Amino acid sequence: MQLKSFSYKDETWELDNLQLGPVNLIVGKNAVGKSRAIACLSAFGRIITQREELSPETTWQSQFRFEQQTTLVYDFEVSRKPKVVLSEQLSRRVTARSHPIINRDKEVAEICHYGSIERMRNHETISTTPPKDKLVIHSHRDGDKYPYTEHLIHWAENSYGFRFGNMSPLQSPT
């Protein structure tokens with residue numbers, strides 16, 4: 001699975017529709033947001049794996065290439081005070097058709113069971129009330145019932161970003 005596009009917004013900064021390939025090199029002038037873009041991508045992965053808390057007053061949007069003709073779209077928005085998940089959506093897009101997997105507002109989430117072909121065809125959903133300060137992908141982890149959330153988490157667990165800065169000349173031994 002590969003991250004194809006990424007957007008992020010907070011109260012002071014916005015990264016709009018960063019297009020990504022299998023390997024990416026971000027180059028630009030000083031103070032244009034290269035390090036901040038990498039930090040946002042890294043934070044996105046850490047939030048998905050629960051190694052970092054949700055950032056207040058943020059909006060996150062992503063698209064992943066999954067298999068040949070399939071795209072996974074994952075978006076969520078977090079309020080400032082109290083820090084609450086306002087919305088969360090995960091959908092599977094095959095060519096032009098979109099199939100919702102998670103559709104959450106501030107109070108309730110609808111989750112589609114994709115654990116079997118029969119359930120997928122029938123678009124069976126469950127209604128749940130996830131914790132207000134947690135993403136549904138964190139509160140409903142089950143690889144059999146919700147395999148797409150596991151793919152998303154697996155991507156985050158195996159994603160790495162590297163920041164390169166100024167390097168000082170090597171010191172000679174004295």
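Guide: Angles here run from 0 to 180 degrees between N-to-C directions, and the axes behind them are lines fitted to C-alpha atoms, for helices over the stretch in contact. The model we are looking at is predicted.

Visitor: At about what angle does α1 run to β3?

Guide: Helix α1 covers residues 34–48, and β3 covers residues 58–66. The helix lies across β1, β2, β3 and β4. Comparing the N-to-C directions of the two axes, α1 runs to β3 at about 80 degrees.

Visitor: Which strands stand at the edges of the sheet, each with a single partner strand?

Guide: The open sheet has eight strands with antiparallel pairing, in the order β2-β1-β3-β4-β5-β6-β7-β8, and its twist averages 20 degrees from one strand to the next. A strand at an edge has a single partner, so one side of it is left without a neighbour in the sheet, and this holds for β2 and β8.

Visitor: In β4, which residue is the bridge partner of Gln63?

Guide: Strand β3 (residues 58–66) and strand β4 (residues 70–78) run antiparallel, and nine bridges join them. In β4, the residue that partners Gln63 is Val73.

Visitor: Which helix contributes the largest share of the largest nonpolar core?

Guide: This core has 37 residues, and those with the most contacts inside it include Phe6, Phe44 and Trp60. Leaving aside neighbours within four places in sequence, Phe6 is in contact with both Phe44 and Trp60, among others. The largest share of the core, seven residues, comes from helix α1.

Visitor: Is Ser91 buried or exposed?

Guide: Ser91 has its place in strand β5, and, leaving aside its neighbours within four places in sequence, its contacts include Thr71, Val73 and Ile101. The cut-off for burial is under 20% relative accessible area. Because the value for Ser91 is 13%, this residue counts as buried.

Visitor: How many residues apart in sequence are the parts that Glu107 and Lys132 tie together?

Guide: Glu107 and Lys132 form a salt bridge, with their closest N and O atoms 3.1 Å apart. Glu107 lies in the loop between β6 and β7, whereas Lys132 lies in the loop between β8 and α3, so the number of residues separating the parts they tie together is 25.

Visitor: How far apart are the closest N and O atoms of Glu52 and Arg46?

Guide: Glu52 is partly exposed at 25% relative accessibility, and Arg46 is partly exposed at 27%. The two form a salt bridge, and the distance between their closest N and O atoms is 2.4 Å.

Notes:
Residues are numbered from 1 along each chain as its sequence is written. This is a predicted model: local features need pLDDT of at least 70, side-chain atom pairs count only at pLDDT 80 or more; totals for chains, interfaces and linings use all residues. Side-chain values use heavy atoms; hydrogens and water are left out. A nonpolar core is a set of buried Ala, Val, Leu, Ile, Met, Phe, Trp, Tyr and Cys residues joined through side-chain atoms within 4.5 Å. Buried means under 20% relative accessible area, exposed over 50%, partly exposed in between (1.4 Å probe, protein chains only). Helices (H or I, at least four residues) and strands (E, at least two) are DSSP runs, numbered from the N terminus. Contact means heavy atoms within 4.5 Å. Two strands pair if DSSP finds at least two bridges between them. A salt bridge is a side-chain nitrogen of Lys or Arg within 4 Å of a carboxyl oxygen of Asp or Glu.
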